[in-house]
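The following exercises are to be worked from the sequence and the coordinates. Each task is followed by a solution in steps.

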Amino acid sequence: EEGAATWDCRSVNGQWVCSGRPQAPLPSAPQERTAPADTATARAASSSTQPRKLPPLRVGKVGKLPPAPQIAPQQVPEGWTCQADDRGGWRCKLVGVEPAGKPRLAKVQQQPRRPWLRPAFSAADESVFKTLVRLLPEDPWQRYCATGKAALGDRPPTRPEGQPLDLEADFSRSLAEDLVYFSGNVKVKRGDQHLWTDALLYDGKAGIVNAWGNVIYEENGYLFASDNAWLDLEQGRARMNHTHFILGPVPARGTTARSRFESETLSRHHQVAYTTCPIGNDDWVIHARDLKLNRETGKASGHHVWLEFMRVPLLYSPYFSHTIDDRRISGFLTPRIGVSNARGFDFSLPYYFNLAPNYDLTLTPRILSKRGFLGGLEFRYLLRHSQGRLAGEILPYDPVLGKARGQAAFYNRTQLTPHWSAQADLRYVSDKHYLNELGNNLSIASSRQLHSEVKTEYRQGDWYFMTRADNWQTVDPNISSSDKPYRRLPQVVLNYDHGFTPWLRSGWQSEFVFFQHEDRTDGHRLHLRPRVQMPWRHAAAFATPSLAFDYTRYWLPGKGRSLSRALPVASLDTGLFLEKNWGGALIQTLEPRLFYLYIPFDDQRDIPVFDTSRYDFNFSQLFRENRFSGWDRLGDANQISYALTSRFLTADEGAERLRLSAGQIYYFRDRKVTLPGQATETRNTSNIVGELDLFPNRLFSLRSGIQWDPYDNQMDRGEAMLQYKDSDDYIANLSYRFRRDRLKIVDGSFRWLLFQGLHAVGRWQYSLRNAITLESFLGVEAESCCWRVRVIGRRFVRDVNRKTETAVFAQLELKGLISLGKHVDRFLQRNIRGYGFED
Amino acid sequence: CGFHLRGAVELPPDKRVVALQGIGLDDPFARDLAMLLDLAGGRLTGDPAQAGSVVIIHGIDQRRQVVSLDEHGKAIEFELIYQVRFEARTADGKPLLPLQSITLRRIYLNTQLQAIGKAEEESLIREEMRREAARTLLRRLQRALEHAD
C-alpha cells in the first residue's frame with residue numbers, strides 16, 4: 001500500500017487486467033546503430049566476407065535536418081585552427097604565437113569534477129541543455145510542468161535495417177580503401193536516427209564510426225551530446241565521453257562522464273547525474289558513481305547512489321537496483337516525520353525492496369520518542385489470478401503499557417474461474433487502543449469494529465452462491481464484549497433469479513447461518529424466500545406486483561428448542577413518467593410512485609436478534625419490503641408509500657440539473673414487530689422525506705434533505721451539502737448535518753490553489769451538539785515541476801474520553817524518481833469531499 | 001399544466017439489442033441492465049455484431065467514506081458512492097454518448113454497533129444504487145438513440 005509502485009487492476013470478464021505505470025526509462029541511450037554502410041566512395045569488402053548486405057550510404061543533402069547547434073562553448077585554442085570551407089578549401093585562424101610546426105591536441109579532454117555542495121550542473125552544462133532542447137519539436141518540460149503529463153510520446157525505437165544512410169558534409173576525403181573522412185557540419189540521418197558532428201571518420205570495413213567535436217545524437221526525443229563518440233555499427237556498440245543527455249519522453253536530463261553501450265540492450269555509465277527538473281533548475285539531482293542499464297531484463301543497477309535536494313545531500317545508498325519499466329526502485333522511500341502528543345516525535349523511514357515486477361516488500365522502521373521502536377512490514381503480490389498483501393507492525397515493548405503491541409492484516413483475492421472468486425480479508429490488533437495511539441498521524445481511528453472474513457462467491461447467469469466465515473474485533477473500549485457482533489461460522493447464501501418472460505420473473509433467496517458468540521446464545525438460522533414478480537413496464541408507466549413467501553427457522557442448541565416463522569409478503573410498486581418541455585433545452589419530469597406493502601403480523605418476541613438492525617429511514621426506505629435488515633425480524637405491514645420525484649434534465653445529454661423528491665408512508669395499522677425493548681409504533685404516518693439536489697453547472701452542487709415529523713411538527717433530520725469544485729485545484733465544501741438527539745455538525749473543507757504550485761488544504765468538523773471540534777487540519781502543499789512537499793497540522797478527537805490529539809506531519813516527494821506513497825493523498829481523499837474523484 | 005405521459009418511442013427492434021463490453025454479462029450491473037432491457041422489449045448481448053448499439057463500461061467504482069464523527073471521534077455516518085464510467089457507440093462504431101459517468105451517493109447512519117445488520121444495509125444500498133445507475137444509463141442511451149435518428 002505504501003510502496004512506490006501503482007498497479008492499475010480491474011476485473012474484466014472475471015480475469016484481472018493489470019497495467020503498470022507507463023514506461024519511463026532512466027538514462028539509457030537509444031540504440032546506437034547509426035551507419036552500417038557501404039560508402040559511396042570507399043566500397044566495402046566483397047559481400048562474401050560481410051555477414052549481411054549493408055544499406056547504401058548516400059552522400060548529399062539531408063533534407064529538413066536543422067543545423068547542429070553549438071553545444072560546447074567555442075574556446076579557440078592557441079595555435080592554428082583550420083576548418084574546411086564550402087569549396088573544399090581551408091579556412092585557418094591563428095591565435096597566439098605561431099607554433100612553428102609543433103603539434104597540439106585538437107581538443108583537451110576535460111574531466112568533470114563534482115565536489116559536494118557545488119551545483120550538479122554548471123552554467124556551461126545548463127547552456128548545453130538549453131541548446132540541445134531546441135532540437136526537439138517542443139520543450140518537453142513546458143507541458144510537463146503545466147499539466148504533469150509528458151509531452152512527447154515514448155515511441156519504441158524503430159529498426160533502421162535496410163534504410164539508406166544519408167550523409168551530408170562540407171568536406172569529404174577518402175583516406176584509404178574503406179576509410180573516409182568527413183568534416184564540416186556533418187549530418188547523418190537514417191530512419192529516426194540523427195547525428196550531427198564536426199568531423200567523422202568512417203571505416204567501412206569494420207563498420208566503425210569515429211565522430212568528434214560537437215557530437216549530437218537524437219532518436220525519438222532521446223538526445224545525447226558528447227565531445228566525441230565511437231560507434232560500432234555492426235554490433236550496435238558505442239562509447240561516448242562527457243555526455244549530456246535529455247530524455248524527452250520522460251522528461252529527464254543529466255550528464256555522464258563516460259557512457260558505454262555494449263549492445264543494443266546493455267549500457268554502462270559512469271558518474272551519472274540525473275534529474276527530472278526543468279533546465280536551469282537543479283532542485284534535486286540523483287548521482288551514481290556507476291550505473292548499468294539492461295533493457296532486456298528491464299533492470300537498472302548502480303553503486304554509490306546519492307540524492308541531493310536543494311543542494312543538500314539527503315539520502316545515500318551504496319547499491320541500488322531499479323526496474324527501468326515502471327520506475328520502481330529498491331531503496332529508502334522518503335522519510336515521514338511527525339510530532340504528536342501521544343507518540344512524541346515520530347519518525348519512519350520505509351525501505352522498499354523491489355523484488356520482482358509482481359511482488360515487493362516494504363520495511364518500515366519507525367521511532368516514536370514516547371513509545372520506542374516500531375517495525376512495520378508490507379508484502380504485496382500480483383499473480384495471474386490473485387492479488388493481495390500481507391502487512392504487520394510490531395512494537396516489541398511499549399514503555400507506557402509495559403508490553404508488546406502490534407497489528408496484522410492479510411488480504412487476498414483470487415479469481416478461480418470466470419465465475420468463482422475467493423477472498424480473504426483478515427485484520428488483527430493487539431489491543432483496543434492500538435489504532436488510536438499508534439496508528440500513524442494521518443490514519444483515521446474512527447472504526448469501532450474490525451471485520452475479518454473469508455468468503456467465496458460464484459456468479460453465473462441466474463445463480464449466485466456465496467459462503468463466508470467472519471469475525472469482528474471490537475476496538476472501542478465502550479463496547480462491552482456482550483455487545484460484540486456475532487460470528488458467522490459460516491454463512492451460506494444461494495440465490496436464484498430467472499425471467500421466464502419479460503413480465504414474469506421468479507426466484508428465491510436462501511441463507512443458512514450459524515451464529516456464534518462467547519456471551520450470547522448461539523444459533524442456527526435458515527431463511528428461505530421464494531418470490532414471483534410480474535413486472536410490467538411501459539415508457540410512461542410501470543407496475544410490479546410481487547408475492548413472496550418468507551420462511552425462517554431457528555435451531556437454538558443451548559435451549560433445545562426450535563422456532564420458526566412463515567409469512568407472506570405482498571407488494572405492488574407502480575409509477576408514472578410525465579414530461580414537460582421547457583423551451584427545448586430543459587425537460588422536466590414528474591414521477592409519481594405508489595408502493596403498497598402487506599405483511600401479516602406474527603409475534604416475533606421469542607426470536608433472538610443475531611444480526612438484525614433497523615434501516616436508516618430515508619427516501620429509499622419508502623420502497624423497501626422490510627424495515628429491518630437481517631432476517632430476525634420481518635416487520636408487519638399494511639401500508640402505502642406515496643412519493644413524487646421531479647427532475648430537470650438537459651434535453652441534449654439527459655444530464656440532471658435538479659432533482660426534487662418528497663414522500664411519506666401511510667400506515668393502515670400499528671407496527672407491533674419491534675426490536676427488543678422498543679414499543680409498538682402507533683403513528684399513522686411516517687416522517688415526510690424531502691430531498692433536493694441541485695447541479696446548476698459543472699462547478700456547483702447542492703445536496704440537501706429534510707425529514708419533517710408531522711406529529712411533533714418539527715424537523716427530525718436535515719442536511720445540506722454545498723460544493724464548489726473546479727478540478728482538484730479549487731474545492732470548497734460546506735455542510736450542515738442534523739439528526740435529532742444524535743448529531744448536529746457543521747463541516748467545511750477545502751483545497752485551494754493560492755499561487756502557482758501552492759495549495760492550501762484544510763477541514764473543520766465541529767459538533768454544535770457537544771460544542772467540540774471533531775476533526776480539523778490545516779496544511780500547505782508546495783509543488784514545483786519536479787518535487788512536492790506537504791506539511792499538515794491536525795487536531796482531532798482521539799478516544800472515548802474526548803481527548804484530543806494534535807499532530808504535525810511532513811512529507812517530501814520527488815517527481816519522476818519514486819512515487820512516495822499515497823498516504824497524504826488518501827488522507828485528503830477521505831477528508832476533502834471530491835478530492836481525487838471525478839464526478 | 002403542460003405535462004404529458006412520456007412518449008412511448010418504440011425503438012426499432014434492432015436498436016433494442018444492446019451489446020455490453022468491459023464487464024461480463026454475469027456482473028450484477030450487467031444483470032440489472034439485462035432485466036431492464038428485457039422489460040423494454042430489448043436484449044443484452046456480449047456480441048456487438050448482433051446489436052444496434054454498444055455500451056462500453058470503462059469502470060465501476062464503489063467507495064465508502066466517513067461523513068461524520070460522533071463526539072468520541074468514531075464514525076457515525078457513512079457515504080457510499082457508486083460510479084459507472086461508460087461510453088456508447090452505434091454498431092458501426094460511431095459515437096452515441098461520449099465517455100461519461102453516472103455517480104450516485106447515499107449517506108446512511110451507522111453507529112457501528114449492529115455491525116452485521118448495517119453491513120447488510122450497506123449492501124442493499126449498493127444494490128439500489130446499482131439498479132438506479134442501470135436505469136440512468138439506459139435513459140441516456142435511449143435519449144441518444146432518439147437524437148441520432
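**Exercise 1.** Which residue in strand 16 of chain A is the bridge partner of Lys292(A)?

*Solution.* The model is a predicted one. Begin with the pairing of the strands: strand 15 (residues 284-294) of chain A runs antiparallel to strand 16 of chain A, with 10 bridges between them. Within strand 16 of chain A, Ser301(A) is the bridge partner of Lys292(A). Finally, consider the surroundings of strand 16 (residues 299-309) of chain A: 8 of its 11 residues are buried, so the strand is largely enclosed by the rest of the structure.

**Exercise 2.** Identify the elements against which the buried residues of helix 1 of chain A pack.

*Solution.* First list the buried residues of helix 1 (residues 123-133) of chain A: Asp125(A), Glu126(A), Val128(A), Phe129(A), Thr131(A), Leu132(A) and Val133(A). Then trace their contacts, which lead to helix 2 (140-147), strand 10 (208-219), strand 11 (222-232), strand 12 (237-247) and strand 13 (252-261) of chain A.

**Exercise 3.** Characterise the interface of chain A and chain B.

*Solution.* Start with its extent: 87 residues of chain A contact 63 residues of chain B. The two chains bury about 6,400 Å² between them, with 50% of it on carbon and sulfur atoms. Arg448(A), Glu579(A) and Phe837(A) supply 11% of the area that chain A buries against chain B, more than any other three residues.

Next, count the salt bridges, of which the rule finds 9 across the interface. In one salt bridge, the side chains of Arg833(A) and Glu79(B) meet at 2.7 Å, N to O.

Lastly, examine the backbone: strand 35 (residues 578-582) of chain A and strand 1 (residues 4-5) of chain B pair in the antiparallel sense over 2 bridges. There, Leu578(A) stands opposite Leu5(B).

Definitions and conventions. Residues numbered from 1 in each chain as written. Chains lettered and ligands numbered in written order. Predicted model: local features only at pLDDT ≥ 70, side-chain atom pairs only at ≥ 80, totals over all residues. Heavy atoms only, no water. Buried < 20%, exposed > 50% of the residue type's maximum accessible area, 1.4 Å probe, protein only. Helix = DSSP H or I, 4+ residues; strand = E, 2+ residues; numbered from the N terminus. Pairing = 2+ DSSP bridges. Contact = heavy atoms within 4.5 Å. Buried area = accessible area lost by both parts, 1.4 Å probe. Salt bridge = Lys/Arg side-chain N within 4 Å of Asp/Glu carboxyl O.
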